[in-house]
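Visitor: I would like a close look at a single part of this model, the largest pocket, and then at what surrounds it. Please keep the cut-offs explicit as you go.

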Amino acid sequence: MKKNGKSRVGKKKNSTKKQLMYVGIVIAIILIGAFIISLSIGKSNSNKNKTDIEKSSIQDKKIGSEKAKTSENKEDSKSNSTADGSVSNESENESKVTDSSNEIDKKKENSNSSSDNKNLAKVYTEEEKQGINNQFLEWSDGRAKIAGMAVSGNYFNHGASGIGDWYALSADGFIQVQQQDLEGKPGYSHFPIHSLGGVVFYYSNFGTTGNTNEVDNPENNPSTATGFSTVANSEKPIVKYLLGDNGVVYESPSNGAFSDCFYVADNTGNLTALYEPNTQKSFKVSDDKEAQEKLKEILEKYNN
């Protein structure tokens, strides 16, 4: 009986030992598994961190590259903008230069055109001039009578002089009144305007009205020097009309002398050598609208 009891006790002890051993093995397995799992997790985290770092690095590189590209694009854009601005400015400057050049060319063309027009202006013969002046004088006859005035075609005459041209001053430039000599100076082409004739309106001392040649009567006018002084009332207006070949009627008040308002160039063609500065009279464009219209009407017959 004692042996059986001991045997049971021994068996129980052996059984307990086995159980503890099993438990220890299980625990060891569990610990080993946990360690392996931990290593695996750590490695996974390490790989993940590494991957994240790599991704972050790649992303940073991409961002840096994009920033660099953006900066480069900005610089290029700025450079292009500057270049475009420079090109634009150059283009604008070229445009201004071109416009200025065109404007200068236009002015030259206009100047040449004006010069050509002057050169191509009709040159009237002495016969044509006389015809134009006679027709204007006929028209002036009626105007003078209405005003109670006399009118004469003897608007210009002079004593002996050299070969310089006679001329008048006007708002539109010099007007050639007479070229005394074929070699006269400065000559026909020097003047932009040329006289076609003229008339003189005045109040007669004899009560004459309308067209009259009383100033040409030797009894009334013994010499050229007396001019209109013996036939005209010097206390009333004496007005000279000058007909330009530019189709304009000019007028000026006169003192009655035949050469009054007219001047002569010296033998070299100098227009002002014989006169003191600011002593010369100037014809103005006449305010007589009917006279302006009449001259144009007359010239149309000769110019067509």
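Guide: Happy to. For sorting residues, Ala, Val, Leu, Ile, Met, Phe, Trp, Tyr, Cys and Pro count as nonpolar, Asp, Glu, Lys and Arg as charged, and the others, Gly among them, as polar. This is a predicted model, in which local features need pLDDT of at least 70 and side-chain atom pairs count only at pLDDT 80 or more, while totals for chains, interfaces and linings use all residues. Residues are numbered from 1 along each chain as its sequence is written, and side-chain values use heavy atoms, with hydrogens and water left out.

Let us start with the pocket (on a 1 Å grid over the protein atoms alone, an open set of points where a 1.4 Å probe fits, with protein on both sides within 12 Å along at least five of seven lines; lining residues have an atom within 4 Å of a point). The largest pocket has a volume of about 450 Å³, the space filled by probe spheres set on points joined across faces, edges and corners. Its lining is made of 19 residues, and those nearest the centre are Glu126, Lys129, Tyr155, Val177 and Ser195. Three elements give two or more residues to this lining: H2, strand S3 (175-178) and strand S4 (193-202). Helices (H or I, at least four residues) and strands (E, at least two) are DSSP runs, numbered from the N terminus. The top contributor to the lining is H2, with six residues. By chemical type, the lining of the largest pocket divides into 11 polar, six nonpolar and two charged residues.

It helps to see where these elements belong. The protein has three helices and nine strands, in the order α-α-β-β-β-β-β-β-β-β-β-α from the N terminus on. Of its 304 residues, 29% are buried, where buried means under 20% relative accessible area, exposed over 50%, and partly exposed in between (1.4 Å probe, protein chains only).

Around the two ends of these elements there are some loops to look at. Val123 sits in the loop between helix H1 (2-120) and H2. Val123 is exposed, at 51% relative accessible area, and its C-alpha lies 8.5 Å from that of Asp245, although the two are 122 residues apart in sequence. The loop between S3 and S4 holds Pro186, and the peptide bond that leads to Pro186 from Lys185 is cis, with omega near 5°.

Now the aromatic rings. Rings of Phe, Tyr and Trp (its six-membered ring) pair if their centres lie within 6.5 Å; planes under 30 degrees apart count as stacked, over 60 as edge-to-face and the rest as tilted. By this rule there are 12 aromatic pairs. In one of them, Phe136 and Trp139 are tilted, with 5.2 Å between centres and 45° between planes. Both belong to helix H2 (residues 126-147), and because they are three residues apart there, about one helical turn separates them. Phe136 and Trp139 are both buried. Tyr263 and Tyr275 make an edge-to-face pair, at 5.0 Å centre to centre and 85° between the planes. Tyr263 is in strand S8 (residues 263-264) and Tyr275 in the loop between S8 and strand S9 (282-285), so this pair ties together parts that are 12 residues apart in sequence. Tyr263 is buried at 8% relative accessible area, whereas Tyr275 is partly exposed at 21%. Tyr155, one of the residues nearest the pocket centre, also belongs to an aromatic cluster with Phe156, Trp166, Phe262 and Phe283.

Finally, a few backbone details from the later strands and loops. Most residues other than glycine have a negative phi, and most peptide bonds are trans. Cys261, in the loop between S7 and S8, has a positive phi of about 80° without being a glycine, and is buried at 2% relative accessible area. Asn278 has a positive phi too, near 65°; its place is the loop between S8 and S9, where Asn278 is exposed at 83%. Glu251 is part of strand S7 and counts as buried at 19%. Between the C-alpha atoms of Glu251 and Cys261 the distance is 9.8 Å, with their positions 10 residues apart along the chain. Ser254 follows in the loop between strand S7 (249-253) and S8, and is buried at 13%.
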